[in-house]
Structure formats: C-alpha cells, structure tokens
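Please open the model in a viewer and keep the sequence panel visible. The tour below proceeds by selection, one stop after another.

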Amino acid sequence: MKACVLALNIGSSSIKLAVFDAATQAPLLRANVTRIAKGARATASTRAASAERVAAPMPAPSDTKEAVHWLLQALHERRPEVRVVGVGHRVVHGGVSFERPVRIDAAVLNRLEALAVLAPAHQPIEIAIIEQMQGLLPGLPQVACFDTAFHHTQPKLQRWFALPRALSESGIVRVGFHGLSYEYIAGVLPGIAGARPYRKVIVSHLGSGSSACAMYDRRSVSSTMGFTPLDGMMMGTRCGAIDPGVLLYLQQQRGMAVDALADLLGNQSGLLGVSGVSDNVEVLEASTDPRASEALEMFAERAAAAIAAQCVALAGLEALVFTGGIGEHDATMRTRICSRLQWLGVSLDASANAAHAQHISTADSRIDVYVIPTDEEAVIARATAALLDASERGGDSIG
C-alpha cells in the first residue's frame, strides 16, 4: 500500500479533497463536491491537478459531513491501495497565536472553537470535519493549516487598527486570509517568472471570497482582509469594507439585531445583494438585468481600488497575479479590473487574456500580469507531511 496524506479544503457549501504521496508530494487523486444540499455535483481525477476531471453522480448530501463521508467512500473505491498516514485541514482563522501549521490535539481544538465566531461561515464546519475524521480514522495525526498564518510577516502597524492601543495589544488586529492560496503562489512564482526577479508583487485571490495581498520578496506585507473575512473587497455575498457608522445606524435606528446584521453582511450583500440576481459571476455576465451589470462593474471597481491601495505598502508594483475561481477563469472580469489600472502601467494582451494564458500583459506593459491557478491542497499536504513523525506512519486505509 502507498503511504499518503489527505488534504481537506472545506468551504461553506463545497469541499475539495486531495490525496498526495507522503514521500514525493505527487498528487494521486483529487475530488470535490459543490452545491452541497442544492443538487450536489461531484468530480474526481486520478491524475495531476491539470488533468481532466471525471464526473461522479451522487445524491445531494444534506450537509458537509455527509459529503465528506461520501467522498471518502468514493476515493476508497477508486484507490483502495492508498494508506492514509495523516490528514491536513484548511482552517480559516488562526488568530494571532497560530503562526504555522500545528498538530491538532484537544487544546488546539478548543482554541479553534474560540475563534469560530470570527469566521462563522467556515470555522464551525471545519471543526466538525476534524471531529468527524477523528471518529473515522482514530489515532491518525491531523494537522491544522491556517489561512491566516502567511500574513504573520506583516509589520505591526500594518496589522493594527486605529483603535486604542490596548485593543490592538489584546489581539484585535488585521490577520488577513487566503494565506494558503498566497503561500502557493509565492512558492511557484519564481519558476514562472524565470529571469524576472520580482520583489514587489500583488496577488489577487478572486472568488466567492476575494482579497488582495501585497508581497515583498514573496512575503506578505499587507492584505485587504482584516480581523474577519468580511473586510476588504466586495465578494459574492459579503459586502467588504463598509463605513462602521452604517452598522451603528442599522442597530440603533433600524433596530437590527446582531444576528440579522451578521447575516446581512455575510450572506445577503456583495454581488448577490447589489444585483438581486445571483452571487455567481457567470450567471451575472449572462444576465440581461441591468442590476447584474451594475454589480459586476462595482465588483471590478472595488477590486481595482483594493489592488491599487496595496501598492502603497510596496512603494510600487512590478507584477500582478490573478488567482482563485474568478481570477483564474473569468477573462472578462480580469479585463474590467485591469482597464481600471491602466494609469498604473497595466496593459493587457486581449488575446492572451481571452485564452487564459499564464502571462496576459503586453510586451510593453510596465506591470507584468499573470494568471496562476492556486493549489491550497498541495500546501496543506506539504505541511502535513512535514509534521508527521516517521514513527507515526502506520496509517489507515481510506475506507
């Protein structure tokens, strides 16, 4: 049997699962489930990340835990020779204390539960899956890999809010998110850039959740998200940055309860709230409803403004990278954003962009622009394998 690590990337309504060779980190199998509880769709691939995915029919799972169990059964049928020696989990919020991946024990789990209130769309589900895996594969090492850890290199004053110092010192600071995605891009960019020694790079992860990260020498120095994943850019159902006075007004003058306000900011705003049609960019671009067009233009405007603002932390810009579901696949949205950054020196090659090429800027563009697919599961698997002690690699089969 082949010793492998299992990487689980849990979203609010989707799951990405991947199996990697524990020794070589080569991907052996990838699968995902989308639209959980809404007519779920599953795909699986037994080849590398860029390989064609094979659709697998499944009944719509009622929740994420049921979907994970279905995936594990499906993977056992496809790769019965796999022996899992460790499981790595994407954990959205690590607060100020988790600066790197850690082995999960009862104390770590308690700390993750305390942070769940800051990422309610993700963290409770992630904790539930960790506990589920403890039941399915008892005694097997599990590792938490944090979306916040990559940003611990940011300067203190970049992380602090302009609040009384005691609040910042107590941990109410900007922690940033999408760190696993940014870590992957930082790792592969030198090989893609070749002879171009970029030091000042902005990576924009655009998807249901969206953010931008300024990297100097491939280390995070600033990001658009803050204390929670609600901050920064406009997103699928999240509003992004907002005047805090609006929140006070809604509570004090409109009588909005805290739970209702949280639902408004996290689930009813963004592309969905502005368009009244959908949070899906593909659906909005196909719509003839003028509200859909307004939502797309607003998304592009806010994304471009956020990218431009990150240049301040770098005192310039040499390369811009698009990643994430929208960033990787939506050429029209990339055009909308880059057209707003022409003053910065961005010149897009329309043909390369339409073809989803890796390098999409023109030869005379002052800023090089790239499209690089992210691979958070590879980062999770690498971290998990690194934390496994050789004496613990007894493992267990997926089934």
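Leaving aside its neighbours within four places in sequence, with which residues is Gly86 in contact? Select Gly86 and display its surroundings: beyond those neighbours, the contacts are Cys4, Val5, Leu6, Leu140, Pro141, Thr384 and Leu388. Please bear in mind throughout that this is a predicted model.

**The whole chain**

Before continuing, display the entire chain in cartoon form. The chain holds 15 helices and 14 strands. Of its 399 residues, 52% are buried. The chain exposes about 17400 Å², and carbon and sulfur atoms supply 53% of that area. Contacts between residues at least 6 apart in sequence join residues at least 24 apart in 65% of cases.

**Strand β6: Gly86 and His89**

Return to Gly86, which belongs to strand β6, residues 82–91. Gly86 has a relative accessible area of 0% and is therefore buried. Now add Val143 to the selection. The two residues are 57 residues apart along the chain, and their C-alpha atoms are separated by 7.6 Å.

Next, move along the strand to His89, which also lies in β6. Is His89 buried or exposed? With 2% relative accessibility, His89 counts as buried. Select Ala7 together with His89: the pair is 82 residues apart in sequence, yet 6.0 Å apart in space, C-alpha to C-alpha. Outside its neighbours within four places in sequence, His89 contacts Leu8, Ile104, Ile129, Ile130, Met133, Gln142, Val143, Ala144, Cys145 and Ile380.

**Strand β8: Gln142**

One of the contacts of His89 is Gln142, and this residue is the next selection. Gln142 is part of strand β8, residues 142–146. Its relative accessibility is 5%, so Gln142 counts as buried, the limit for that class being under 20%. Setting aside neighbours within four places in sequence, Gln142 touches Val87, His89, Val102, Arg103, Ile104, Ile130, Met133 and Gln134.

**Helix α3 and its partners**

Select helix α3, residues 123–136, together with helix α2, residues 106–115. Their axes come within 9 Å and cross at roughly 155 degrees. That angle makes α2 roughly antiparallel to α3, since angles over 145 degrees are placed in that class. The crossing is left-handed. To view the contact itself, show Leu109, Leu112, Glu113 and Leu115 of α2 with Gln123, Ile127, Ile130, Glu131 and Gln134 of α3. Five of these contact residues are nonpolar, two are polar and two are charged.

Keep α3 selected and replace α2 with helix α1, residues 64–78. The axes of α1 and α3 lie 10 Å apart, at an angle of about 45 degrees. The two helices are therefore oblique to each other, and their crossing is right-handed. Which residues meet here, in α1 and in α3? From α1 come Thr64, Lys65, Val68, His69 and Leu72; from α3 come Ile125, Ala128, Ile129, Gln132, Met133 and Leu136. By class, this contact comprises seven nonpolar, three polar and one charged residues.

**Helices α7 and α8**

Move now to helix α7, residues 244–252, and helix α8, residues 258–267. Their axes come within 10 Å and cross at roughly 140 degrees. The helices α7 and α8 are therefore oblique to each other. The crossing of this pair is right-handed. Show the side chains of Leu247, Leu250 and Gln251 in α7, which meet Val258, Leu261, Leu264 and Leu265 in α8. The contact has six nonpolar residues, one polar residue and no charged residues.

**Two loop residues with positive phi**

The final stops concern backbone geometry. Select Ala315, in the loop between α11 (290–314) and β12 (319–323). Its phi is near 55 degrees, a positive value in a residue other than glycine. Ala315 is exposed, having a relative accessible area of 64%.

Finally, select His356, located in the loop between α14 (350–354) and β13 (368–371). His356 likewise is not a glycine, and has a positive phi of about 55 degrees. With a relative accessible area of 37%, His356 is partly exposed.

Note on methods
Residues numbered from 1 in each chain as written. Predicted model: local features only at pLDDT ≥ 70, side-chain atom pairs only at ≥ 80, totals over all residues. Heavy atoms only, no water. Axes fitted to C-alpha atoms, helices over the stretch in contact; angles between N-to-C directions. Helix = DSSP H or I, 4+ residues; strand = E, 2+ residues; numbered from the N terminus. Parallel < 35°, antiparallel > 145°, perpendicular 65-115°, else oblique. Left-handed = near helix turned anticlockwise from the far one by under 90°. Contact = heavy atoms within 4.5 Å. Nonpolar A, V, L, I, M, F, W, Y, C, P; charged D, E, K, R; others polar. Buried < 20%, exposed > 50% of the residue type's maximum accessible area, 1.4 Å probe, protein only. Areas by Shrake-Rupley, 256 points an atom, 1.4 Å probe, with all protein chains shown as cover.
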